[in-house]
Amino acid sequence: MAGYRADPSGEFGHVGWEYRDRSEFLYRAAEYIADGLNLGQRVTYVGEDDPVTMRASLAAAGLGGDAGEVHVKTVPEHFLFRGDVVDAERMTERYAAAAVGAVAAGYNGLRVVIDTTPVVRTPAQREAQAALEFLGDRRIATLPVAAMCGYDVAELGDAAAGLVCLHPAAGPSSVPFQLYAQPAGRNAIALAGNLDAASEPLFVTTLRRVLPLLSHDTLEIDARELEFVGHRQLCLLDRYCAAHGRKAVLRSDRAVVRRLVALLDFVNVQIETT
């Protein structure tokens, strides 16, 4: 199937969106929803309020009468839980089934806008949502799905970055890098942005969350969109791969990355030579 993530029209994709003001998020959500309606997609909005309030809020944010065309769902209606944390594996399949169902019903795809803040308020909830962001992204990468996940950084603080960075696209955000699944294979990821000393804590958290979700086969890392990486961060990658019993092959067009990998003579991280 086609890799919809690469669609230059922006018709599909998985976007992480940090916001500090709820009205700001609603305005952006209304824009995103309007795009989906114009594209003939089945559109769903998920939030913490009751459906009547959410529909009215979207209408006031710019949708007007089109708000009535949106499927509005509460958090308990939308998410599947294990206790008080999301069930990442079951939700992954729910998204895939919803995309297939939307096409079967005559729509051009599925578009979902979720204010995810209510399900990531505790550390355990954030761990579960991180797994869903990564596994769900991998599952929908080749399906006609557009999804925008909102995170209230005013409430979540720095913890929001650990979830936004797992999206292949991000709105106005301070996340220094992005690490996300590649549709090319079940054991392939991409790294984009900048990995430096300031981003190390976030990088460590992300590796700790993602590596256990990958198989023990060789991990392919597409780092062609990684603008900067230092030797310390490459050492961290090698160390965490070793700790999780992984071998990684790094693909990069940057000569400095190739030289660093060759110079540091890693055991668990190799550079692609072709």
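Me: How many of the residues of β7 are buried?
Reply: In this predicted model, strand β7 spans residues 145-152. V145, A147, C149 and Y151 point one way from β7, while A146, M148, G150 and D152 point the other way, and all are buried. The strand is accordingly described as mostly covered, and the number of its buried residues is 8 of 8.

Me: Which strands pair with β7, and over how many bridges?
Reply: Strand β6 runs parallel to β7, and 6 bridges join the two. Strand β1, residues 13-19, also pairs with β7 in the parallel sense. The partners are thus β6, over 6 bridges, and β1, over 7 bridges.

Me: Which residue of β7 is the bridge partner of H14?
Reply: The pairing concerned is that of β1 with β7, which is parallel. A147 is on the side of β7 to which V145, C149 and Y151 also point. The bridge partner of H14 in β7 is A147.

Me: Which residues of β7 stand opposite L110 and I114?
Reply: L110 and I114 point one way from β6, together with V112. Strand β6 is joined to β7 in a parallel run of bridges. Opposite L110 stands V145, and opposite I114 stands C149.

Me: Which residues of β6 point the other way from L110, V112 and I114, and are they buried or exposed?
Reply: Strand β6 covers residues 110-115, and 6 of its 6 residues are buried. Burial therefore applies to both faces of the strand, since a residue counts as buried under 20% relative accessible area. The residues that point the other way are R111, V113 and D115, and they are buried.

Me: In which sense do β2 and β6 pair, and which residue stands opposite R42?
Reply: Strand β2 comprises residues 42-47. The two strands are linked over 5 bridges, in the parallel sense. The residue of β6 opposite R42 is L110.

Me: In what order do the strands of the open sheet lie, and which are its edge strands?
Reply: The sheet is formed by 6 strands with parallel pairing, in the order β3-β2-β6-β7-β1-β8. An edge strand here pairs on one side only, and this applies to β3 (71-74) and β8 (169-170). Strands of a sheet pair through backbone hydrogen bonds, either parallel or antiparallel. The edge strands are β3 and β8.

Me: Why does T44 count as buried, and which residues does T44 touch?
Reply: T44 lies in strand β2. T44 has a relative accessible area of 10%, and it is buried because the cut-off is under 20%. Not counting residues up to four places away in sequence, T44 touches V70, H71, K73, R111, V112 and V113.

Me: Which residues are in contact with A131, and is A131 buried or exposed?
Reply: A131 lies in helix α5, residues 123-140. Leaving aside neighbours within four places in sequence, A131 is in contact with A88, G136 and L213. At 15% relative accessibility, under the 20% cut-off, A131 counts as buried.

Me: What distance separates the C-alpha atoms of A131 and L237?
Reply: A131 belongs to helix α5. Along the chain, A131 and L237 are 106 residues apart. Their C-alpha atoms are separated by 19 Å.

Me: Where is D265 placed, and is D265 buried or exposed?
Reply: D265 is found in the loop between α10 (255-264) and β13 (269-271). Its phi is near 50 degrees, a positive value in a residue other than glycine. With 60% relative accessibility, over the 50% cut-off, D265 counts as exposed.

Me: What radius of gyration does the protein have, and what would a compact globule have?
Reply: The C-alpha atoms fill a box of roughly 60 × 40 × 30 Å along the principal axes. For 274 residues, a compact globule would have a radius of gyration near 19 Å. The value for the protein agrees with this, at 19 Å.

Me: What share of the contacts with a separation of 6 or more joins residues 24 or more positions apart?
Reply: The protein has 10 helices and 13 strands. Of its 274 residues, 53% count as buried. Among contacts with a separation of 6 or more, the share from residues 24 or more positions apart is 72%.

Note on methods: Residues are numbered from 1 along each chain as its sequence is written. This is a predicted model: local features need pLDDT of at least 70, side-chain atom pairs count only at pLDDT 80 or more; totals for chains, interfaces and linings use all residues. Side-chain values use heavy atoms; hydrogens and water are left out. Helices (H or I, at least four residues) and strands (E, at least two) are DSSP runs, numbered from the N terminus. The radius of gyration is taken over C-alpha atoms; the globule rule is 2.2 Å times the number of residues to the power 0.38. Buried means under 20% relative accessible area, exposed over 50%, partly exposed in between (1.4 Å probe, protein chains only). Contact means heavy atoms within 4.5 Å. Two strands pair if DSSP finds at least two bridges between them.
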